[in-house]
Amino acid sequence: MSERADVMVVGAGPAGLHAAASAAQTGASVILVDGYPRPGGQYFKQLPATFRTDVQDRHQAALRGLLAQIDDAGVRVLSGALVWGAFAAPDGAGWQLAVHGPGAPVRLEARALILATGAYDRPIAFPGWTLPGVMTAGAVQTLIKSQRVAPGRRVLLSGTGPLQLAVAAGLVHAGVEVVAVLEGAALGANLLRHAGAVVGQGARLSEGWDYLRTLRSAHVPYRRGWSVVAVHGDGEVQEAVIARLDAAWRPVPGSEETVAVDTVVMGYGFLPSTELTRLLGCAHDYLPEQGGYVPRRDATMQTTLPGVYAAGDGAGIGGAELSRIEGQIAGIAAARQLGCLAEAEASARLARLQPDLRRERRFARMLGQLFTPGPGLYGLATDETIICRCEEVTLGQIRAAVADGVGSVTELKGLTRVGMGNCQARICGVLATRLLTRELGGDDADPAQVAAAGQFSVRPPIHPLPLSVLAQAADQA
Ligand SMILES: Cc1cc2nc3c(=O)[nH]c(=O)nc-3n(C[C@H](O)[C@H](O)[C@H](O)COP(=O)(O)OP(=O)(O)OC[C@H]3O[C@@H](n4cnc5c(N)ncnc54)[C@H](O)[C@@H]3O)c2cc1C
């Protein structure tokens, strides 16, 4: 069973929803496909359909408006449908997606493809990070926002960036005791250099201020220039060791303190989901302040493959507002490419988006410069620390592989199975690449040296699948 449209969009977060609406409003036929049961992505995350609740925040109101636009424009929305492969169409005139989900066509085809696949939490490996009770900020936010479940009783947050404040405030509202919020960046005088980037960001500043007020009224300490460095416990988290960080984010010897907690929340920012752009063969650059490897794009969000666009956090971490604008640009550009929008009208629409795009890029750049974890945190792991959770590969095994002559991530993968498990290197990929760079005697704070260690390759299926789906795909092929 296959379906065809003018434009296919993968991802129904802010970027994908706006891309689909912008393209469809020009008369192009659009299919929007998303792996979650309901559209909205991370930002507009909807409660499960089975929940009976009247909780409605401003995100849900904005989402309702956007979904009405999508509906009016005739977008075909496929929710609960996971894209596990992307290929050039055999006739060379477009792109194909391999899809798995109840009732979804197994193959989609279109002349233009917009990838708006979002991001996921960045891990940092320290002794004890795989103990039950250590969670990522995104996971905890999902628990409290979407599932209405508290992750623990005494919680420590450690990481960097504004999401930590949102999650900590959410935990306070949920009645959880938040022991402290540790912000790795020292901030201070650094903030003043970025004053220009907050112009026009009043709503965000006031949101941040509200979170800080919530934390202050609950007497939650907010410690800048601190991080968790180890977690201990017998089968579960019982205590965390925290330390002051130096300018390179290395623990300052002698500054360690131990706190009794049952949950540690890691919020070290996000990594873009680039599996599909990498699978297709789009060129990527390693830009740590945008989250790592990101697809190279032109001003219309087109990647190095004609007709393949990438928008939102999946093309570089920038936040929901930047994702909205990039999605609109990609949708307009795809419609122009297909002849659904005249050149003059497309140019006028694109020009109108430029001031917002510049403002949001300035803000995203500031967040990237202030809140990208420093290299010192990648030195916390010891020989016994697991780096690849799926295949249980430790740093000691990575070191032994380097001693055996391994010189690239591909060789490391072949020798140790790092990155070969269910997550396909989503979690361990960046860790392993940086640690390998170090073990080879390089500087993992230097993007060129990290890039020289190579990238984990991507192969379909990019997500685990029932074997029957592959058999069905083979039959159809
Ligand atoms: C865990 C997490 C929590 C966040 N919390 C906040 C917050 O509290 N406040 C805030 O302002 N910002 C928050 N952000 C940032 C904000 O949500 C993002 O900047 C914004 O959602 C990015 O929009 P997007 O459209 O690029 O991606 P997303 O909103 O992440 O949407 C991407 C969509 O792509 C789909 N997708 C990905 N791969 C596939 C595939 N192979 N097949 C099918 N579908 C696929 C996903 O299911 C998802 O719905 C958070 C981000 C994350 C990752």
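## Close-ups of the cavities and the ligand site

**View 1. The largest cavity and what α11 brings to it.** In this predicted model, α11 gives the lining of the largest cavity its largest share, four residues. The cavity has a volume of about 270 Å³. A total of 21 residues line it, and those closest to the centre are Arg278, Tyr293, Ala425, Gly429 and Val430. Two or more lining residues come from each of β16 (270–272), α6 (275–280), β18 (292–295) and α11 (428–439).

**View 2. Where the largest cavity sits, and the make-up of its wall.** Why does the largest cavity lie between domain 1 and domain 3? It lies there because domain 1 (2–120 + 271–341) and domain 3 (381–452) both give residues to its lining. Sorted by class, that lining is nine nonpolar, eight polar and four charged residues.

**View 3. The second largest cavity.** Zooming out for a moment, the structure has five cavities of 30 Å³ or more. The second largest holds about 60 Å³ of space. Its lining consists of Glu275, Arg278, Gln424, Ala425, Phe456, Ser457, Val458, Arg459 and Ile462. Split by class, that makes four nonpolar, two polar and three charged residues. Two names here may ring a bell: Arg278 and Ala425 line this cavity, and they are also among the residues closest to the centre of the largest cavity.

**View 4. The shell around the ligand.** Now over to the ligand, which has 29 residues around it. Closest in are Ala15, Asp34, Val83, Gln141 and Asp313. Which elements each supply at least two residues of this shell? They are α1 (14–24), β4 (82–88), α3 (137–147) and α7 (320–337). As for domains, domain 1 (2–120 + 271–341) and domain 2 (123–268) each put at least three residues into the shell. The class count comes to 14 nonpolar, 13 polar and two charged.

**View 5. Polar atoms next to the ligand's oxygens.** Ala15, one of the closest residues, has a backbone N or O atom 2.9 Å from an oxygen atom of the ligand. At Tyr43 the backbone is again involved, with a polar atom 3.3 Å from a ligand oxygen. Ser323 uses its side chain instead: a polar atom there lies 3.4 Å from an oxygen atom of the ligand. How much of the ligand's exposed area does the protein bury? On its own the ligand exposes 980 Å², and the protein buries 89% of that.

How values were computed
Residues numbered from 1 in each chain as written. Predicted model: local features only at pLDDT ≥ 70, side-chain atom pairs only at ≥ 80, totals over all residues. Heavy atoms only, no water. Near = heavy atom within 4 Å. Polar contact = N/O pair within 3.5 Å; in protein donor to acceptor, adjacent residues only side chain to side chain. Areas by Shrake-Rupley, 256 points an atom, 1.4 Å probe, with all protein chains shown as cover. Nonpolar A, V, L, I, M, F, W, Y, C, P; charged D, E, K, R; others polar. Domains from an automatic or database assignment. 1 Å grid on protein atoms, 1.4 Å probe; cavity = no way out; pocket = protein on both sides within 12 Å on 5 of 7 lines; lining within 4 Å. Points joined across faces, edges and corners; volume = space filled by probe spheres on them.
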